[in-house]
2 protein chains.
Amino acid sequence: MGEEGLERVTMRRLAQELDTGPASLYVYVDNTAELHGAILDELLASVDFDPDVPPGRWRDRLVELLFSYAQVLSAHPSLARSVLLLRPSGPHYLRLIDSLLALLYAGGVPARQAAWGVDILLQMATATAAEQGARDQSVDAEGEHEALESALREASADAYPHIVRTGGELVSGAGPERFRWALQSLIDGIAMTPTPSTEAPDA
Amino acid sequence: MGEEGLERVTMRRLAQELDTGPASLYVYVDNTAELHGAILDELLASVDFDPDVPPGRWRDRLVELLFSYAQVLSAHPSLARSVLLLRPSGPHYLRLIDSLLALLYAGGVPARQAAWGVDILLQMATATAAEQGARDQSVDAEGEHEALESALREASADAYPHIVRTGGELVSGAGPERFRWALQSLIDGIAMTPTPSTEAPDA
DNA sequence: ACCTGAACACCGTTCAAGT
DNA sequence: ACCTGAACACCGTTCAAGT
(Lines give C-alpha, C1' and ligand atoms only; values in the text may rest on other atoms or scores of the structure.)
Protein backbone atom coordinates (compact mmCIF):
# COMPACT_ATOMS: atom_id res chain seq x y z
CA MET A 1 0.00 0.00 0.00
CA GLY A 2 2.75 2.48 0.89
CA GLU A 3 4.31 3.66 -2.36
CA GLU A 4 7.79 5.06 -2.73
CA GLY A 5 9.20 7.79 -4.90
CA LEU A 6 8.50 6.58 -8.36
CA GLU A 7 8.38 9.17 -11.05
CA ARG A 8 5.62 8.98 -13.67
CA VAL A 9 3.26 6.56 -11.92
CA THR A 10 1.91 4.05 -14.37
CA MET A 11 -0.08 0.86 -14.00
CA ARG A 12 2.64 -1.16 -15.70
CA ARG A 13 5.53 0.48 -13.90
CA LEU A 14 3.90 0.02 -10.52
CA ALA A 15 3.03 -3.61 -11.31
CA GLN A 16 6.64 -4.27 -12.28
CA GLU A 17 7.80 -2.68 -9.03
CA LEU A 18 5.52 -5.15 -7.28
CA ASP A 19 6.75 -8.12 -9.35
CA THR A 20 3.43 -8.91 -10.95
CA GLY A 21 1.42 -8.20 -14.06
CA PRO A 22 -0.57 -5.01 -14.58
CA ALA A 23 -3.87 -6.86 -14.39
CA SER A 24 -3.34 -7.52 -10.70
CA LEU A 25 -3.69 -3.86 -9.78
CA TYR A 26 -7.27 -3.88 -11.04
CA VAL A 27 -8.17 -5.95 -8.01
CA TYR A 28 -7.51 -2.93 -5.80
CA VAL A 29 -8.41 -0.05 -8.09
CA ASP A 30 -10.85 0.57 -10.93
CA ASN A 31 -8.65 2.64 -13.19
CA THR A 32 -5.54 4.82 -13.35
CA ALA A 33 -7.36 7.91 -12.17
CA GLU A 34 -8.41 6.18 -8.99
CA LEU A 35 -4.88 4.90 -8.45
CA HIS A 36 -3.51 8.41 -8.75
CA GLY A 37 -6.11 9.71 -6.35
CA ALA A 38 -5.19 7.08 -3.78
CA ILE A 39 -1.47 7.83 -4.05
CA LEU A 40 -2.09 11.55 -3.72
CA ASP A 41 -4.08 10.97 -0.58
CA GLU A 42 -1.16 9.04 0.85
CA LEU A 43 1.21 11.88 -0.01
CA LEU A 44 -1.08 14.47 1.58
CA ALA A 45 -0.49 12.82 4.93
CA SER A 46 2.79 14.74 4.97
CA VAL A 47 1.33 18.22 4.55
CA ASP A 48 1.28 20.39 7.58
CA PHE A 49 -2.27 20.94 8.86
CA ASP A 50 -1.50 23.00 11.93
CA PRO A 51 -5.01 23.75 13.13
CA ASP A 52 -4.49 26.83 15.26
CA VAL A 53 -4.95 30.06 13.37
CA PRO A 54 -3.10 33.05 14.79
CA PRO A 55 -5.72 35.77 14.63
CA GLY A 56 -5.25 38.12 11.68
CA ARG A 57 -2.89 35.75 9.93
CA TRP A 58 -5.47 33.56 8.21
CA ARG A 59 -4.41 34.78 4.75
CA ASP A 60 -0.78 33.89 5.37
CA ARG A 61 -1.70 30.47 6.74
CA LEU A 62 -3.86 29.86 3.69
CA VAL A 63 -1.00 30.71 1.37
CA GLU A 64 1.37 28.49 3.35
CA LEU A 65 -1.01 25.55 3.27
CA LEU A 66 -1.54 25.81 -0.47
CA PHE A 67 2.19 26.19 -0.99
CA SER A 68 2.90 22.98 0.83
CA TYR A 69 0.12 21.20 -1.08
CA ALA A 70 1.61 22.41 -4.37
CA GLN A 71 5.06 21.36 -3.27
CA VAL A 72 3.97 17.79 -2.63
CA LEU A 73 2.33 17.69 -6.03
CA SER A 74 5.23 19.30 -7.89
CA ALA A 75 7.37 16.30 -7.06
CA HIS A 76 4.89 14.01 -8.82
CA PRO A 77 3.83 15.70 -12.04
CA SER A 78 1.90 12.73 -13.34
CA LEU A 79 -0.29 12.83 -10.26
CA ALA A 80 -0.78 16.57 -10.56
CA ARG A 81 -2.03 16.11 -14.11
CA SER A 82 -4.57 13.50 -13.02
CA VAL A 83 -5.76 15.45 -10.01
CA LEU A 84 -6.43 18.44 -12.20
CA LEU A 85 -9.14 16.49 -14.01
CA LEU A 86 -10.23 14.31 -11.19
CA ARG A 87 -10.96 15.55 -7.63
CA PRO A 88 -9.81 12.89 -5.20
CA SER A 89 -11.91 12.00 -2.20
CA GLY A 90 -9.60 10.33 0.32
CA PRO A 91 -9.48 11.25 4.01
CA HIS A 92 -6.38 13.45 3.75
CA TYR A 93 -7.85 15.35 0.84
CA LEU A 94 -10.99 15.95 2.88
CA ARG A 95 -8.82 17.17 5.71
CA LEU A 96 -7.19 19.64 3.37
CA ILE A 97 -10.58 20.93 2.29
CA ASP A 98 -11.67 21.19 5.92
CA SER A 99 -8.55 23.15 6.82
CA LEU A 100 -8.98 25.56 3.92
CA LEU A 101 -12.58 26.16 4.95
CA ALA A 102 -11.50 26.74 8.54
CA LEU A 103 -9.06 29.43 7.46
CA LEU A 104 -11.57 31.19 5.23
CA TYR A 105 -14.12 31.15 8.05
CA ALA A 106 -11.46 32.55 10.38
CA GLY A 107 -11.28 35.45 7.95
CA GLY A 108 -15.04 35.98 8.07
CA VAL A 109 -15.66 34.81 4.51
CA PRO A 110 -19.34 33.83 3.97
CA ALA A 111 -20.09 30.13 3.59
CA ARG A 112 -20.81 29.97 -0.11
CA GLN A 113 -17.83 32.10 -1.03
CA ALA A 114 -15.66 29.88 1.16
CA ALA A 115 -17.09 26.70 -0.38
CA TRP A 116 -16.65 27.83 -3.96
CA GLY A 117 -13.37 29.45 -3.06
CA VAL A 118 -11.79 26.24 -1.79
CA ASP A 119 -12.49 24.67 -5.16
CA ILE A 120 -10.67 27.29 -7.19
CA LEU A 121 -7.82 27.67 -4.72
CA LEU A 122 -7.11 23.96 -5.07
CA GLN A 123 -7.50 24.22 -8.83
CA MET A 124 -4.95 27.01 -8.99
CA ALA A 125 -2.47 25.20 -6.76
CA THR A 126 -2.87 21.95 -8.67
CA ALA A 127 -2.55 23.58 -12.07
CA THR A 128 0.55 25.46 -11.00
CA ALA A 129 2.13 22.27 -9.67
CA ALA A 130 1.29 20.37 -12.84
CA GLU A 131 2.71 23.08 -15.05
CA GLN A 132 5.84 23.41 -12.95
CA GLY A 133 6.30 19.65 -12.86
CA ALA A 134 5.88 19.37 -16.62
CA ARG A 135 8.50 22.03 -17.15
CA ASP A 136 10.98 20.32 -14.86
CA GLN A 137 10.40 16.98 -16.48
CA SER A 138 10.24 17.53 -20.20
CA VAL A 139 12.58 19.54 -22.35
CA ASP A 140 9.74 20.11 -24.80
CA ALA A 141 7.59 21.93 -22.25
CA GLU A 142 10.51 24.16 -21.35
CA GLY A 143 11.08 24.88 -25.02
CA GLU A 144 7.47 25.86 -25.61
CA HIS A 145 7.64 28.23 -22.69
CA GLU A 146 10.71 29.91 -24.14
CA ALA A 147 8.94 30.13 -27.49
CA LEU A 148 6.15 32.13 -25.87
CA GLU A 149 8.61 34.37 -24.04
CA SER A 150 10.46 35.24 -27.21
CA ALA A 151 7.21 35.72 -29.12
CA LEU A 152 6.16 38.20 -26.43
CA ARG A 153 9.49 40.01 -26.59
CA GLU A 154 9.44 40.31 -30.35
CA ALA A 155 5.77 41.17 -30.78
CA SER A 156 5.13 44.07 -33.14
CA ALA A 157 3.68 47.23 -31.67
CA ASP A 158 1.16 47.52 -34.50
CA ALA A 159 -0.40 44.11 -34.01
CA TYR A 160 -0.02 43.82 -30.24
CA PRO A 161 0.21 47.28 -28.70
CA HIS A 162 -0.63 46.24 -25.17
CA ILE A 163 1.88 43.43 -25.13
CA VAL A 164 4.60 45.82 -26.27
CA ARG A 165 3.54 48.44 -23.75
CA THR A 166 3.71 45.84 -20.99
CA GLY A 167 7.22 44.85 -21.93
CA GLY A 168 9.27 42.78 -19.55
CA GLU A 169 6.56 42.55 -16.90
CA LEU A 170 4.98 39.68 -18.80
CA VAL A 171 7.95 37.49 -18.01
CA SER A 172 9.07 39.11 -14.77
CA GLY A 173 9.28 37.40 -11.43
CA ALA A 174 10.25 33.93 -10.32
CA GLY A 175 7.78 31.07 -10.14
CA PRO A 176 7.21 31.04 -6.38
CA GLU A 177 6.86 34.82 -6.23
CA ARG A 178 4.21 34.79 -8.94
CA PHE A 179 2.43 31.83 -7.35
CA ARG A 180 2.33 33.57 -3.97
CA TRP A 181 0.88 36.71 -5.52
CA ALA A 182 -1.63 34.65 -7.50
CA LEU A 183 -2.86 32.98 -4.33
CA GLN A 184 -3.09 36.29 -2.49
CA SER A 185 -5.07 37.80 -5.35
CA LEU A 186 -7.44 34.90 -5.51
CA ILE A 187 -7.95 34.92 -1.73
CA ASP A 188 -8.67 38.64 -1.77
CA GLY A 189 -11.12 38.16 -4.62
CA ILE A 190 -12.88 35.25 -2.91
CA ALA A 191 -13.26 37.25 0.28
CA MET A 192 -14.77 40.30 -1.42
CA THR A 193 -16.84 38.97 -4.32
CA PRO A 194 -20.42 38.03 -3.48
CA THR A 195 -21.84 34.86 -5.00
CA PRO A 196 -24.92 35.09 -7.21
CA SER A 197 -28.48 34.23 -6.27
CA THR A 198 -28.01 35.10 -2.67
CA GLU A 199 -31.35 36.49 -1.62
CA ALA A 200 -31.33 40.23 -1.65
CA PRO A 201 -31.30 41.66 1.87
CA ASP A 202 -34.93 41.96 2.93
CA ALA A 203 -36.16 45.54 2.84
CA MET B 1 -3.58 22.86 -42.44
CA GLY B 2 -7.17 23.56 -41.46
CA GLU B 3 -8.24 20.80 -39.09
CA GLU B 4 -11.79 19.67 -38.54
CA GLY B 5 -13.62 18.53 -35.46
CA LEU B 6 -11.71 15.49 -34.44
CA GLU B 7 -12.04 14.47 -30.85
CA ARG B 8 -8.91 13.43 -28.95
CA VAL B 9 -6.27 14.77 -31.31
CA THR B 10 -3.47 12.28 -31.68
CA MET B 11 -0.50 12.02 -34.00
CA ARG B 12 -1.68 8.68 -35.30
CA ARG B 13 -5.32 9.65 -35.65
CA LEU B 14 -4.47 12.83 -37.48
CA ALA B 15 -2.06 10.99 -39.77
CA GLN B 16 -4.75 8.46 -40.60
CA GLU B 17 -7.19 11.28 -41.36
CA LEU B 18 -4.56 12.56 -43.80
CA ASP B 19 -3.97 9.09 -45.31
CA THR B 20 -0.36 8.85 -44.33
CA GLY B 21 1.88 7.47 -41.60
CA PRO B 22 2.46 9.24 -38.29
CA ALA B 23 6.10 9.93 -39.15
CA SER B 24 5.03 12.40 -41.82
CA LEU B 25 3.64 14.85 -39.27
CA TYR B 26 7.10 15.31 -37.79
CA VAL B 27 8.03 17.23 -40.90
CA TYR B 28 5.70 20.03 -39.84
CA VAL B 29 5.87 19.80 -36.07
CA ASP B 30 8.42 18.79 -33.44
CA ASN B 31 6.15 16.94 -31.05
CA THR B 32 2.56 16.49 -29.93
CA ALA B 33 2.63 19.51 -27.67
CA GLU B 34 3.52 21.75 -30.56
CA LEU B 35 0.80 20.18 -32.69
CA HIS B 36 -1.77 20.90 -30.03
CA GLY B 37 -0.55 24.45 -29.70
CA ALA B 38 -0.89 24.99 -33.43
CA ILE B 39 -4.42 23.59 -33.54
CA LEU B 40 -5.48 25.70 -30.58
CA ASP B 41 -4.21 28.79 -32.30
CA GLU B 42 -6.31 27.90 -35.33
CA LEU B 43 -9.38 27.46 -33.12
CA LEU B 44 -8.78 30.78 -31.39
CA ALA B 45 -9.41 32.53 -34.68
CA SER B 46 -13.09 32.06 -33.91
CA VAL B 47 -13.12 33.83 -30.56
CA ASP B 48 -14.67 37.22 -30.47
CA PHE B 49 -12.08 39.95 -29.90
CA ASP B 50 -14.31 42.99 -30.11
CA PRO B 51 -11.77 45.71 -29.36
CA ASP B 52 -13.99 48.55 -28.17
CA VAL B 53 -14.48 48.57 -24.44
CA PRO B 54 -17.68 50.23 -23.25
CA PRO B 55 -16.41 52.37 -20.37
CA GLY B 56 -17.11 50.85 -16.98
CA ARG B 57 -17.79 47.43 -18.44
CA TRP B 58 -14.24 46.16 -18.67
CA ARG B 59 -14.89 43.48 -16.05
CA ASP B 60 -17.86 42.09 -17.94
CA ARG B 61 -15.97 42.09 -21.21
CA LEU B 62 -13.11 40.26 -19.53
CA VAL B 63 -15.47 37.60 -18.25
CA GLU B 64 -17.10 37.24 -21.66
CA LEU B 65 -13.78 36.91 -23.43
CA LEU B 66 -12.55 34.23 -21.04
CA PHE B 67 -15.87 32.44 -21.31
CA SER B 68 -15.61 32.22 -25.05
CA TYR B 69 -12.00 31.06 -24.79
CA ALA B 70 -13.04 28.33 -22.36
CA GLN B 71 -15.91 27.34 -24.60
CA VAL B 72 -13.63 26.77 -27.58
CA LEU B 73 -11.36 24.68 -25.41
CA SER B 74 -14.14 22.67 -23.77
CA ALA B 75 -15.00 21.17 -27.13
CA HIS B 76 -11.46 19.78 -27.42
CA PRO B 77 -10.47 18.37 -24.04
CA SER B 78 -7.26 16.82 -25.29
CA LEU B 79 -6.08 20.24 -26.39
CA ALA B 80 -7.11 21.81 -23.12
CA ARG B 81 -5.01 19.28 -21.25
CA SER B 82 -1.94 20.07 -23.35
CA VAL B 83 -2.39 23.82 -23.16
CA LEU B 84 -2.51 23.62 -19.40
CA LEU B 85 1.09 22.43 -19.36
CA LEU B 86 2.29 24.20 -22.41
CA ARG B 87 1.61 27.90 -23.17
CA PRO B 88 1.13 28.24 -26.93
CA SER B 89 2.66 31.15 -28.80
CA GLY B 90 0.72 31.51 -32.05
CA PRO B 91 -0.62 34.82 -33.35
CA HIS B 92 -4.19 34.29 -32.16
CA TYR B 93 -3.01 33.36 -28.71
CA LEU B 94 -0.94 36.55 -28.61
CA ARG B 95 -4.01 38.46 -29.69
CA LEU B 96 -5.93 36.96 -26.80
CA ILE B 97 -3.20 38.05 -24.38
CA ASP B 98 -3.19 41.52 -25.91
CA SER B 99 -6.96 41.81 -25.56
CA LEU B 100 -6.89 40.69 -21.93
CA LEU B 101 -4.19 43.26 -21.18
CA ALA B 102 -6.22 45.96 -22.94
CA LEU B 103 -9.22 45.25 -20.75
CA LEU B 104 -7.20 45.23 -17.53
CA TYR B 105 -5.60 48.53 -18.52
CA ALA B 106 -9.04 49.93 -19.27
CA GLY B 107 -9.83 49.14 -15.65
CA GLY B 108 -6.78 51.00 -14.44
CA VAL B 109 -4.91 47.90 -13.30
CA PRO B 110 -1.15 48.55 -12.94
CA ALA B 111 1.12 46.95 -15.53
CA ARG B 112 2.68 44.21 -13.45
CA GLN B 113 -0.62 43.18 -11.92
CA ALA B 114 -2.12 43.07 -15.42
CA ALA B 115 0.79 41.05 -16.79
CA TRP B 116 0.78 38.49 -14.03
CA GLY B 117 -3.01 38.54 -13.97
CA VAL B 118 -3.37 37.53 -17.61
CA ASP B 119 -1.34 34.45 -16.88
CA ILE B 120 -3.55 33.20 -14.07
CA LEU B 121 -6.79 34.18 -15.78
CA LEU B 122 -5.81 32.00 -18.73
CA GLN B 123 -4.71 29.27 -16.37
CA MET B 124 -8.07 29.27 -14.62
CA ALA B 125 -10.04 29.27 -17.86
CA THR B 126 -7.91 26.51 -19.35
CA ALA B 127 -8.07 24.34 -16.24
CA THR B 128 -11.83 24.75 -16.04
CA ALA B 129 -12.22 23.78 -19.68
CA ALA B 130 -9.96 20.75 -19.29
CA GLU B 131 -11.83 19.57 -16.23
CA GLN B 132 -15.21 20.11 -17.82
CA GLY B 133 -14.09 18.37 -21.00
CA ALA B 134 -12.73 15.40 -19.09
CA ARG B 135 -16.02 15.04 -17.25
CA ASP B 136 -18.06 15.14 -20.45
CA GLN B 137 -15.79 12.63 -22.11
CA SER B 138 -15.02 9.96 -19.58
CA VAL B 139 -17.39 8.12 -17.33
CA ASP B 140 -14.57 7.57 -14.87
CA ALA B 141 -14.00 11.27 -14.32
CA GLU B 142 -17.72 11.77 -13.70
CA GLY B 143 -17.66 8.89 -11.24
CA GLU B 144 -14.72 10.31 -9.30
CA HIS B 145 -16.53 13.61 -9.03
CA GLU B 146 -19.59 11.92 -7.59
CA ALA B 147 -17.34 10.04 -5.17
CA LEU B 148 -16.08 13.35 -3.81
CA GLU B 149 -19.58 14.78 -3.57
CA SER B 150 -20.86 11.86 -1.56
CA ALA B 151 -17.73 11.85 0.62
CA LEU B 152 -18.44 15.51 1.38
CA ARG B 153 -22.09 14.81 2.17
CA GLU B 154 -21.30 11.93 4.47
CA ALA B 155 -18.32 13.48 6.25
CA SER B 156 -18.39 13.07 10.02
CA ALA B 157 -18.75 16.22 12.08
CA ASP B 158 -15.99 15.10 14.43
CA ALA B 159 -13.34 14.66 11.80
CA TYR B 160 -14.41 17.40 9.41
CA PRO B 161 -16.39 20.04 11.29
CA HIS B 162 -16.04 22.79 8.71
CA ILE B 163 -17.12 20.58 5.84
CA VAL B 164 -20.23 19.57 7.76
CA ARG B 165 -20.94 23.15 8.73
CA THR B 166 -20.66 24.20 5.10
CA GLY B 167 -23.14 21.56 4.01
CA GLY B 168 -24.64 21.77 0.55
CA GLU B 169 -22.77 24.89 -0.45
CA LEU B 170 -19.75 22.78 -1.36
CA VAL B 171 -21.67 21.25 -4.23
CA SER B 172 -24.08 24.10 -4.96
CA GLY B 173 -24.32 25.96 -8.23
CA ALA B 174 -24.03 24.95 -11.84
CA GLY B 175 -20.71 24.88 -13.66
CA PRO B 176 -21.05 28.12 -15.61
CA GLU B 177 -22.33 30.01 -12.58
CA ARG B 178 -19.34 28.91 -10.51
CA PHE B 179 -16.95 29.65 -13.33
CA ARG B 180 -18.34 33.16 -13.76
CA TRP B 181 -17.99 33.86 -10.06
CA ALA B 182 -14.48 32.41 -10.06
CA LEU B 183 -13.44 34.76 -12.86
CA GLN B 184 -15.01 37.74 -11.15
CA SER B 185 -13.22 36.90 -7.91
CA LEU B 186 -9.91 36.51 -9.61
CA ILE B 187 -10.34 39.75 -11.55
CA ASP B 188 -11.22 41.62 -8.37
CA GLY B 189 -8.20 40.13 -6.64
CA ILE B 190 -5.85 40.97 -9.51
CA ALA B 191 -7.06 44.56 -9.55
CA MET B 192 -6.58 45.13 -5.84
CA THR B 193 -3.56 43.06 -4.84
CA PRO B 194 -0.20 44.80 -5.24
CA THR B 195 2.70 42.79 -6.61
CA PRO B 196 5.83 42.39 -4.49
CA SER B 197 9.11 44.28 -4.84
CA THR B 198 7.45 47.32 -6.26
CA GLU B 199 9.50 50.23 -4.99
CA ALA B 200 7.87 51.87 -2.02
CA PRO B 201 6.32 55.24 -2.92
CA ASP B 202 9.02 57.82 -2.46
CA ALA B 203 8.51 59.89 0.66
C1' DA C 1 15.98 16.63 -50.63
C1' DC C 2 11.93 15.29 -49.02
C1' DC C 3 8.75 11.91 -47.33
C1' DT C 4 7.34 7.56 -44.87
C1' DG C 5 7.00 2.15 -43.64
C1' DA C 6 8.20 -0.26 -40.20
C1' DA C 7 9.93 -0.77 -35.85
C1' DC C 8 10.81 0.41 -30.92
C1' DA C 9 9.32 1.38 -26.58
C1' DC C 10 5.87 2.30 -24.21
C1' DC C 11 0.60 2.81 -22.48
C1' DG C 12 -4.52 1.18 -20.11
C1' DT C 13 -7.72 -2.39 -19.79
C1' DT C 14 -9.95 -6.95 -20.39
C1' DC C 15 -10.68 -11.72 -20.00
C1' DA C 16 -9.91 -16.49 -20.28
C1' DA C 17 -7.36 -19.54 -17.97
C1' DG C 18 -5.01 -21.13 -14.04
C1' DT C 19 -4.24 -21.94 -8.77
C1' DA D 1 -12.82 -17.24 -5.05
C1' DC D 2 -9.03 -14.90 -6.05
C1' DC D 3 -5.22 -13.68 -8.95
C1' DT D 4 -2.73 -13.01 -13.47
C1' DG D 5 -0.51 -14.20 -18.41
C1' DA D 6 -1.34 -12.94 -22.51
C1' DA D 7 -3.68 -10.39 -25.71
C1' DC D 8 -6.04 -6.26 -27.62
C1' DA D 9 -6.12 -1.74 -28.87
C1' DC D 10 -3.98 1.97 -28.62
C1' DC D 11 0.04 5.73 -27.93
C1' DG D 12 4.71 9.05 -29.39
C1' DT D 13 8.90 9.06 -31.72
C1' DT D 14 12.85 7.53 -34.55
C1' DC D 15 15.36 6.11 -38.45
C1' DA D 16 16.67 3.53 -42.33
C1' DA D 17 15.09 3.04 -46.62
C1' DG D 18 12.76 4.52 -50.58
C1' DT D 19 11.20 8.10 -54.26
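**Exercise 1.** How many residues does the contact take from chain B, and how many from chain A?

*Solution.* The model is a predicted one, and we begin by counting on each side of the contact, which takes 67 residues from chain B and 67 residues from chain A. The next step is the area buried between chain B and chain A, which is about 6000 Å², with carbon and sulfur atoms giving 66% of it. Finally, we look at single residues and find that Leu85(B), Trp116(B) and Trp181(B) supply 14% of the area that chain B buries against chain A, more than any other three residues.

**Exercise 2.** Find how many salt bridges the rule gives across the interface of chain B and chain A, and describe one of them.

*Solution.* The rule finds 5 salt bridges across this interface. In one salt bridge, the side chain of Asp119(A) meets that of Arg178(B), with 4.0 Å from N to O. Turning to the elements involved, we see that helix 6 of chain B provides the largest share of the side of chain B that touches chain A, namely 15 residues, and that the residues of this side divide into 35 nonpolar, 17 polar and 15 charged.

**Exercise 3.** Which residues come nearest to DNA strand D, and which atoms of the strand do the side chains approach?

*Solution.* Of the 15 residues around DNA strand D, the nearest are Ala23(A), Ser24(A), Arg12(B), Arg13(B) and Tyr26(B). A polar side-chain atom of Arg12(B) lies 2.5 Å from a base oxygen of the strand, whereas a side-chain N or O atom of Tyr26(B) is 2.7 Å from a phosphate oxygen, and one of Thr32(B) is 3.0 Å from a phosphate oxygen.

Definitions and conventions. Residues numbered from 1 in each chain as written. Chains lettered and ligands numbered in written order. Predicted model: local features only at pLDDT ≥ 70, side-chain atom pairs only at ≥ 80, totals over all residues. Heavy atoms only, no water. Near = heavy atom within 4 Å. Polar contact = N/O pair within 3.5 Å; in protein donor to acceptor, adjacent residues only side chain to side chain. Contact = heavy atoms within 4.5 Å. Buried area = accessible area lost by both parts, 1.4 Å probe. Helix = DSSP H or I, 4+ residues; strand = E, 2+ residues; numbered from the N terminus. Nonpolar A, V, L, I, M, F, W, Y, C, P; charged D, E, K, R; others polar.
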